[in-house]
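Hi,

Here is the structure I said I would pass on. Have a look at it first, and my notes follow below.

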Amino acid sequence: MPPGKAPGLDLGRAMASPFTGIDPASVEDIGPVVRGKVRDVVDLGDHLALIATDRLSAFDRVLGTVPYRGQVLNQLSAWWFDRIADLVPTHMVVTPDPNVMIARRCRPLPVEVVVRSRLTGSTGTSLWTLYAAGARHVYGIRFPDGLRKNDPLPQPIITPTTKGASGAHDRPITESDIVEGGLVADGTWEEVRSVALAVFERGRQAAGEAGLALVDTKYEFGLDPDGGVVIIDEVHTPDSSRFWRSATVEKRRAAGAEPENLDKELVRLAYAAQGFTGDGDPPPLGSDLAARAARAYLEVFEALTRRPLAPAPYPAAPRVVAAVCAYHRP
Ligand SMILES: Nc1ncnc2c1ncn2[C@@H]1O[C@H](COP(=O)(O)OP(=O)(O)OP(=O)(O)O)[C@@H](O)[C@H]1O
Ligand SMILES: [Mg+2]
C-alpha cells in the first residue's frame, strides 16, 4: 500500500482542520501550558503531557501545518522509545492519545546531542554548510580537503550544539567546551556520548532493515531527580533526523544529485529552490509541499513500524484535551 493510502487517512480533510495546538484555557484546571515550536506541553508536576501538533518549524519558525504530522511524530517516538529502553532509561510513561506522550519531567541538559554519519545538511550548524564555507576544524573534529556533499564519514560523530532559549539559534560547541564550561558534568557527558552512539547504531540498523538510511539525528537528554541520565523529547523522527531512501542514495550521489529526503530537509530544500536563503521571513508552507511532507513522514512511519498509521480523527484538539484530562484525573 503506498504511503498515505492507509484506510481512513484523508490528507484533504486533515488539512481542512489542521491541529495547530490546544487552547491553554481548556486545561487550565490541570496545569499551565508551555508552547514549543512543535509541541504544546502541559505541566502536570512530576510529569509532562507532550502534545505533538501538526505545526512544522524550520528556519527557527513555524511555517505552517502538515496533516497527520503530530500523530506520526508522537507514535514513531513511542515506537523507538520501546526499542531503545534496554540502552538508556527513557522519559516515556504512556501515550494516552496518538498525539500525546506522558513523560517523566526531567532537568534537560543544555545541549542538543547531534550524531551524524554523513557530510550533509543545509542549516547554519550543519556539517556540510560549515565545510562548504571552508571550515576544516569543526565541533573539535578535523576534516580533510576534497570531500563532497553527502559523503559518508568514517564513523558516526557527535556534533553538539547549545540548546538556545526559545527563539535563539543553536550554536556549535565542542565536547571539551561542554565539560570544561561546566554545561554537563564530565562523567555525565561520557555516559551521554556513549548512549547517543549506541542509540544511533540501533537506529541505523532498524532503519536499514526498513530500506531507509538514518543519516543524522538530534537527541536531548535530561537528569531525573536522582541525577540519572534519561533520554527525553523525541527519538528518530523525521523531524529530529534525516532519513534517506536507501535504494537510490549511491546512484544519486555518484550523479551529483541529492538523495531522496524523507524528512524536514525536503521542506528546507524546497524553500531553497524557491529562492529562500534563510534571511528574513520565510513564505508560508503551501498545501502541495505540506502534502508532500505528510507523505514522506507517513512513508518513514510505515517503513519502520511495518504498519500503516491508524489515523486518529480530526479535529484533534477535543480528543487530545479529553485524553490529557482523563490521564490526570482518571
Ligand atoms: N522529559 C522532559 N522533561 C523536560 N523537558 C522536556 C522533556 N521532554 C521534552 N522536553 C522539552 O519540551 C519541549 C518540547 O517542545 P517542542 O518540541 O515544541 O520544542 P522545540 O520545537 O524543540 O523548541 P523549543 O524547545 O525552542 O520550544 C522541548 O523544549 C524539550 O526540551
Ligand atoms: Mg523539539
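**Backbone oddities first**

Tyr68 is buried, since its relative accessible area is 3% and the cut-off for buried is under 20%. Before going further, please keep in mind that this is a predicted model. Tyr68 sits in the loop that runs from strand S5 (61–65) to helix H2 (69–84). Its phi is near 70°, which is a positive value in a residue other than glycine.

His236 is another one to click on. Its phi is near 50°, again positive in a residue that is not glycine. You will find His236 in the loop between strand S15 (229–232) and strand S16 (241–245). Is His236 buried or exposed? With a relative accessible area of 0%, His236 is buried.

There is also a cis peptide bond, with omega at about -5°, and it joins Tyr314 and Pro315. Pro315 belongs to the loop between H8 and H9.

**The ligand**

I guess this is the part you will open straight away. Ligand 1 is surrounded by 16 residues, and the closest are Val38, Arg39, His91, Arg104 and Glu220. Sorted by class, that shell holds six nonpolar, three polar and seven charged residues.

Three backbone approaches are worth a look in your viewer:

- Arg39 has a backbone N or O atom 2.6 Å from an oxygen atom of ligand 1.
- Val38 places a backbone N or O atom 2.8 Å from an oxygen atom of ligand 1.
- Cys106 has a backbone N or O atom 3.0 Å from a nitrogen atom of ligand 1.

How much of the accessible area of ligand 1 does the protein cover? On its own ligand 1 has 610 Å² of accessible area, and the protein covers 85% of that.

**Cores**

In general, nonpolar side chains of soluble globular proteins tend to be buried together. Here the largest nonpolar core has 81 residues, and the members that touch the most others are Val113, Tyr219, Phe221, Val267 and Leu304. Which helix gives the most to this core? That is helix H8 (residues 287–305), with 11 residues.

Phe221 is a handy place to start browsing. Leaving out residues up to four places away in sequence, Phe221 touches Arg107, Pro108, Leu109, Val113, Val192, Val195, Ala196, Val229, Val230, Ile231 and Ile232. A second core, separate from the largest one, has nine residues, among them Leu119, Tyr131, Val138 and Leu153.

**Helix H7**

Helix H7 covers residues 265–273, and its buried residues are Glu265, Leu266, Val267, Arg268, Ala270 and Tyr271. Val267 is also one of the residues that touch the most other members of the largest core. The cover over the buried residues of H7 includes strand S4 (55–58), S5, S16 and H8. After H7 comes Gly275, whose phi is positive, near 95°.

**Helix H9**

I looked at two residues here. Val320 is in helix H9, and it is buried because its relative accessible area is 0%. Its C-alpha is 7.0 Å from that of Val100, although the two are 220 residues apart in sequence. Neighbours within four places in sequence aside, Val320 is in contact with Phe19, Ile22, Ile51, Asp97, Asn99 and Val100.

Cys325 lies in H9 too, and the helix spans residues 317–328. With neighbours within four places left aside, the contacts of Cys325 are Ser26, Val27 and Ile30. Cys325 and Gln155 are 170 residues apart along the chain, and their C-alpha atoms are separated by 45 Å.

**One last residue: Thr159**

Thr159 is placed in the loop between strand S12 (152–158) and strand S13 (161–162). Thr159 counts as buried because its relative accessibility is 0%. What does the side chain of Thr159 make a polar contact with? The partner is the side chain of Arg116, at 2.7 Å. Arg116 also appears in the contact list of Thr159, together with Val114, Leu127 and Tyr139, once neighbours within four places in sequence are left aside.

Cheers

Technical notes:
Residues are numbered from 1 along each chain as its sequence is written. Chains are lettered from A and ligands numbered from 1 in the order in which they are written. This is a predicted model: local features need pLDDT of at least 70, side-chain atom pairs count only at pLDDT 80 or more; totals for chains, interfaces and linings use all residues. Side-chain values use heavy atoms; hydrogens and water are left out. Helices (H or I, at least four residues) and strands (E, at least two) are DSSP runs, numbered from the N terminus. Buried means under 20% relative accessible area, exposed over 50%, partly exposed in between (1.4 Å probe, protein chains only). A polar contact is a pair of N or O atoms within 3.5 Å; within protein, one must be able to donate a hydrogen and the other to accept it, and residues adjacent in sequence count only if both atoms are side-chain atoms. Contact means heavy atoms within 4.5 Å. A nonpolar core is a set of buried Ala, Val, Leu, Ile, Met, Phe, Trp, Tyr and Cys residues joined through side-chain atoms within 4.5 Å. A residue is near a molecule or strand if one of its heavy atoms lies within 4 Å of it. Accessible areas come from the Shrake-Rupley method with a 1.4 Å probe; for residues, only the protein chains shown count as cover. Ala, Val, Leu, Ile, Met, Phe, Trp, Tyr, Cys and Pro count as nonpolar, Asp, Glu, Lys and Arg as charged, and the others, Gly among them, as polar.
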